[in-house]
Amino acid sequence: MTFFTMKEIIETSERKGAKISDVALEMESKETGLSADEIMKKMAYNYEIMKNSVSQGISKIIPSISGLTGGEGYRLWQNVKNGLSGETILKASSRAMAVSNVNASMGRIVASPTAGSCGIIPSVLITVGEKLGKSDNDIVKALITTAVVGKIIAYNATLAGAEGGCQAECGSASAMAAAAAVELAGGTPSQSGHAVAIALKGIMGLICDPVAGLVEVPCIKRNAFGAAQAILAADMAMAGIESVIPVDEVIKAMGEVGHALPVELKETAMGGIAASETGKNLEKKLMREDM
Amino acid sequence: MNIFDIIGPVMIGPSSSHTAGAARLGKLARNIFGEEFFQADIILYNSFAKTGKGHGTDKAIVAGILGMEPDDENIKKAIEISREFGIEVNFSFEDLKREVHPNTARIKLYGKENTMTISGCSLGGGRVMIQDIDGFKTEFTGEFNTIISIQRDKPGIVAYVASYLAQSNINIAQMKLSRKSKGDMALMIIETDEIPPKSVKRDLESHEGIYKIVVATV
């Protein structure tokens, strides 16, 4: 059966005493006809690509195709030991920007769920997995959890910036990562649900305002915030903090906020910082001026 | 939708619509033409024209017509690679505002004897739609195996093709027919579940009312 709500998958998991990833894997296997092993293998391939993009982006400055950005992940990584935010948050945030830097340089990434938000899930899972000494297999399973949460958000709201703003891309990625971080840390399915709700609420209303329409400014830094927030949301949920509003209602609200946002604030580069004086000047410089 | 639509696809950044989708459009154009070519004239419209440079749309389309997939790390170098192959690539840019989808490209490929002009758009998430082949309006995504037939608009041809496919145990998923005018040339797009056999081109082209068959498999 397909799970259309977080409530359904959380209740099924808890009734079976299973993880969300176990239930999701079983469901996916039934729906696609692929065995659980085959699904895990396919996801392990995606995980390899994620790991490569992280290590590329933190080991050197990679300029974007437009020249507008580059090296954000690398620079923050240099400050992991001395920064104010603490090692876990700093590592995750550096890695998130590292993947976004690779994306902006025409490198190979995994859309997760989109290219614009591709840094958040890899960075959170790799960082949390590393801190907890988890195996690659555990992290691949956690990716299954992120995917099923993403699927439920896609059914009930949207994952596209053009439809729902940045909250739909980076917000969803952050929520998906938060659920998986809880699972990796040994939290319950219900705590994963609260982490999704808390992360989505933290980023609700965030607009999509890319300067010159490119996936760079402010997207790369927003990937860092999405990653940091996912970890904080997971910690809150595991401390027993609950979302007053049930997670499925939060997801629906995010979708409705997305619909209510004016088109200027949904990937059209007509509002927000894209419409700032400097944003417009950069746009003129980067776009074909005769258009 | 399966979980790999959410965590995936693996692609070359930065944009699923402007990079991955552009590469898929190029690859589909290559498959539809199905012949060797030495020149490609590419027109980018609207958002593809305006923001295409920063998104590598030009490189991605060229990569696609060279046969690269959207996750090929050589996409970045596609224009240099096309030169190595001796393929001349010309770009132009147009703003048609609302007349076409924001992310539209028109690709004209020049082979030894034939040329073909293919227009399509990138719908988002890497999905694309071919909208025009040599002036025939069409709508197909390339997500299925596709048989394209350029034929005379006269009775019996659709039935002939359909019965040929039935005999080959090929199930038709979707089908669309368009023509320029009554009795003139027509274009038929057939999307199939199974991969059509290699012989389909030769067999169907032997019918006097069918001028050209193109098979683009997934």
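**Entry 1: helix α4 of chain B**

I looked up burial in α4(B) first. B:Thr57, B:Asp58, B:Ala60, B:Ile61, B:Val62, B:Ala63, B:Gly64 and B:Ile65 are buried there. The model is a predicted one. Helix α4 spans residues 57-65 of chain B, and eight of its nine residues are buried, which I note as mostly covered.

What do the buried residues of α4(B) pack against? I found helices α2, α3 (46-55) and α5 (78-84) of chain B. I also found strands β2 (39-45), β3 (88-94) and β4 (103-110) of chain B. Just after the helix, I checked the backbone: B:Gly67 has a positive phi of about 100 degrees.

**Entry 2: from β4 to β6 in chain B**

I followed the chain on from β4(B), one of the strands that α4(B) packs against. β4(B) and β5(B) (residues 115-124) run antiparallel and are joined by seven bridges. I see B:Arg106 opposite B:Ser119 in β5(B). The connection is a hairpin through four residues.

β5(B) also pairs with β6(B) (residues 127-133), again antiparallel, over six bridges. B:Gly124 stands opposite B:Arg127 in β6(B). This hairpin has two residues between its strands. In its turn I noted B:Gly125, with a positive phi of about 65 degrees.

**Entry 3: the four-stranded sheet**

Next I traced an open sheet in chain B. Its four strands lie in the order β9-β10-β8-β11, with antiparallel pairing. Which strands stand at the edges? They are β9 (172-179) and β11 (210-216) of chain B; each has a single partner strand, so one side of each lacks a neighbour in the sheet. Neighbouring strands are turned by 15 degrees against each other on average, direction ignored.

I then checked the pairing of β8(B) (residues 145-152) with β10(B) (residues 185-192). These two strands share eight bridges in the antiparallel sense. B:Arg152 sits opposite B:Met185 in β10(B). Helix α2(B) (residues 16-33) packs on this sheet and touches β8 and β11 of chain B. Its direction makes about 140 degrees with that of β11(B). I had already met α2(B) among the elements packed by the buried residues of α4(B).

**Entry 4: a patch with residues of both chains**

Last, I looked at the surface. A:Phe4, A:Tyr155 and B:Met1 form a nonpolar patch there. Together they have about 290 Å² of accessible area. B:Met1 belongs to the segment before α1 (3-6) of chain B. Why does B:Met1 count as partly exposed? Its relative accessibility is 44%, and the partly exposed class lies between the 20% and 50% cut-offs.

Terms used
Residues are numbered from 1 along each chain as its sequence is written. Chains are lettered from A and ligands numbered from 1 in the order in which they are written. This is a predicted model: local features need pLDDT of at least 70, side-chain atom pairs count only at pLDDT 80 or more; totals for chains, interfaces and linings use all residues. Side-chain values use heavy atoms; hydrogens and water are left out. Two strands pair if DSSP finds at least two bridges between them. Axes are lines fitted to C-alpha atoms, for helices over the stretch in contact, and angles run from 0 to 180 degrees between N-to-C directions. Contact means heavy atoms within 4.5 Å. Patches are made of residues with over 30% relative accessible area and no salt bridge: like charges are joined within 9 Å, nonpolar side chains (Val, Leu, Ile, Met, Phe, Trp, Tyr) within 5 Å. Accessible areas come from the Shrake-Rupley method with a 1.4 Å probe; for residues, only the protein chains shown count as cover. A salt bridge is a side-chain nitrogen of Lys or Arg within 4 Å of a carboxyl oxygen of Asp or Glu. Buried means under 20% relative accessible area, exposed over 50%, partly exposed in between (1.4 Å probe, protein chains only).
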